[in-house]
Amino acid sequence: MPPIIQVSHLTKYFKVSVHHRGFWGAFRNLISRQYRLARAVDGITFQVQPGELVGYLGPNGAGKSTTIKMLAGLLVPSGGEILVNGYLPWRERQAYVAKIGAVFGQRTTLWWDLPVIESLELLQYIYRIPGDRFRRNLDEFRQVLALDSFLDIPVRALSLGQRMRADLCAALLHDPLLLFLDEPTIGLDVVAKERIRQFILHINRARGVTVLLTTHDLSDVEKLCERVLIIDHGQLLYDGELTSLRDRFGGKRRLLVDFAQEYVDPQVEGAQITVREGSRVTYEFERNTITASGLISRLSELYRIRDLEVREPEIEETVRRIYEQKLLENH
Amino acid sequence: MLAPLFFSLASRSFQRQIAYRAAALAGFFTNFFFGMLRAALLAALYNARPEMAGISLAGAVTFTGLTQAMIGVQSLFSWYEVMNSVYSGAVAGDLLKPMGYFRFWLAQDAGRALAQFFLRGLPMMLFYAIFFRITVPQTFGQWMAFVLSLGLAWLLCFAWRFWINLAGFWTPNALGLVRLGFILLYFFSGFLMPLRFFPDWFVQLSAFTPFPYMVNTVVEIYLGVLQGPQLLQALAQQAFWAVVMIGICQLTLSAGVRRLVILGG
């Protein structure tokens, strides 16, 4: 199958005016303006296959949203190529957007002063959704997203979590092939986040919708995505599976052991003790020095174990290390 | 095929206008008050003359009522919705939907204009009929021509308002530019006074702009100043300008969308 998203050497520059400072500077600004080019996206290449659920990660200002906006047809690229679902998004806007959905966590795509249900009904006309399909989809989403309690409330009066659910429903009523989610869980509480994640998984699995999502919340990524793209300073640092990212840059794994009795110094080769609280001991070990099962069998030869648990490094920590130490720079 | 969407957008916009009854009432009485003021000024100007530039005193008073009635319908003084939508970022949500952006706003403005017609336009003429001696079109044909002319004037005026609002795509503070657009409309449309009262050079100058066709033509058709071939020519000129202005809007819009920068998020 051909990829649904094809992006090559995509760039976006913004013109930023440089202001002269001070009182006289303000006058100089009237006459001469100087511009600096800010590179928001600087030569990105990737492809997404139909049905994939891809996480797009990066710190603030990395160029995530700019990429999503170009993919959604809202921004015109400064250079490079972009082909989504066979369309040039910005040039063939009307035909293109009929087959995609997009949700921006920071702002709604619904009409501010209309009750939710009226916004949704308006979408039926805008996307020309056949009546029975519209009813069927709406019934399903009402249930899965629990929309019924606020369908009659104007969008401006909704809570953030309710608004996100309404926006997700709105983005999917017309059966898009592709869904762009820009920070879909931003500012939500744990329960609301979980509900949104379940829904994203549901539409990806059950309906085969291709999803590209940006997020700051790495548990989103951990729970949803098999593949991640990492971007910083407009450049793609990593494109691959989440597990291999952890394998390569994850740092140390941990083994939590609850011994049957207190040992004076329960050392074992290949691991270091980091925490000791009576009979509970935490070891740290490198994944390329020893496997978890190897370590466990070594320990059980030496000591009597009541219980144990292997902890993978937090993905959050992994990605932070990637940003901070620029681990992927020369890659 | 697009009719259901157009109708649906228009009727929602209509309902929204109707919902703000207090605003409509306040707007109506403000308009009526200024209408009386303008009528009194014009009456003083006539100074017992029966007629000026082919318009009777009753006609001049009617002119003030008609133009005051059009303030709401045509939104002659202010309309910043597209500009505000660019600044709030709501434009992004609208551009993500498979619909023409111009038509999307046109439909909403149709609903708004119709609501204003019932809330402020029609009551204005009724109040005028009660308090003053006003004239009305004499024949069915003239009524038809008036309604058609009013419709074309609304379309043209909307296209102008939409076009000046597009300045928001270019500059982060377009308020001054949009206001300038409304000031031009105010002076050249014949809102201030019937254009016939102005010197010839001014009338000829304004004829090269779209503005007279937004207000003055409607008034002259209502008052019966334009008849026969002149009337048909006036309607044709309105239609011509509406088409030109809509074309300009579409061209400017596609250029604007390409340089759109949506901040944040």
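**Figure 1. Packing of helix H7 against helix H10 in chain B of the predicted model.** Helix H7 (residues 140–165) of chain B packs on helix H10 (residues 216–223) of chain B at an angle of about 175 degrees, and the two axes are 9 Å apart. Because angles over 145 degrees count as roughly antiparallel, H7(B) is described as roughly antiparallel to H10(B). H7(B) contributes Ala145(B), Phe146(B), Ser149(B), Leu150(B) and Ala153(B) to the contact, while H10(B) contributes Thr217(B), Val218(B), Ile221(B) and Tyr222(B). Sorted by class, the residues of this contact are seven nonpolar and two polar, with no charged residues.

**Figure 2. Surroundings of Met70(B) in helix H3 of chain B.** Met70(B) has 28 C-beta neighbours inside 10 Å and therefore counts as buried, the cut-off being 20 or more. When neighbours within four places in sequence are left aside, Met70(B) is in contact with Leu76(B) and Val215(B). The C-alpha atoms of Met70(B) and Val218(B) are separated by 9.8 Å, although the two residues are 148 residues apart along the chain. Val218(B) is also one of the H10(B) residues in the contact with H7(B).

**Figure 3. Helix H2 (residues 21–46) of chain B and its buried residues.** The 26 residues of H2(B), at 1.5 Å a residue, should span 38 Å, and the end C-alpha atoms of the helix are 37 Å apart, in agreement with that expectation. Phe28(B), Asn31(B), Gly35(B), Arg38(B), Ala39(B) and Leu42(B) are the buried residues of H2(B). An α-helix has 3.6 residues a turn, so residues three or four places apart point the same way. The partners against which the buried residues of H2(B) pack are helix H3 (57–74) and helix H6 (101–131) of chain B. Just after H2(B), Asn47(B) adopts a positive phi of about 45 degrees.

**Figure 4. Two loop residues with positive phi, Ala53(B) and His233(A).** Ala53(B), a residue other than glycine, has a phi near 50 degrees. Ala53(B) is placed in the loop between strand E1 (51–52) and strand E2 (55–56) of chain B. Its 12 C-beta neighbours inside 10 Å make Ala53(B) count as exposed. In chain A, His233(A) is likewise not a glycine and has a positive phi of about 45 degrees. The loop that holds His233(A) joins strand E8 (227–232) and strand E9 (235–241) of chain A. With 15 C-beta neighbours inside 10 Å, His233(A) counts as partly exposed.

**Figure 5. The contact between chain A and chain B.** Chain A supplies 24 residues to this contact and chain B supplies 19 residues. On the side of chain A that touches chain B, two or more residues each come from helix H2 (64–71), helix H3 (93–97), strand E5 (100–104) and helix H4 (116–126) of chain A. H4(A) gives the most to this side, with four residues. By class, the side of chain A that touches chain B comprises 13 nonpolar, five polar and six charged residues.

**Figure 6. Domains and fold of chain A.** The domain assignment divides chain A into domain 1 (50–77 + 88–247) and domain 2 (252–312). The C-alpha centres of these domains of chain A lie 43 Å apart. Chain A has eleven helices and 13 strands, and its C-alpha trace spans about 70 × 60 × 45 Å along the principal axes. Of the 331 residues in chain A, 35% are buried.

Technical notes:
Residues numbered from 1 in each chain as written. Chains lettered and ligands numbered in written order. Predicted model: local features only at pLDDT ≥ 70, side-chain atom pairs only at ≥ 80, totals over all residues. Contact = placed C-beta atoms within 7 Å. Nonpolar A, V, L, I, M, F, W, Y, C, P; charged D, E, K, R; others polar. Domains from an automatic or database assignment. Axes fitted to C-alpha atoms, helices over the stretch in contact; angles between N-to-C directions. Parallel < 35°, antiparallel > 145°, perpendicular 65-115°, else oblique. Expected span 1.5 Å × (residues − 1).
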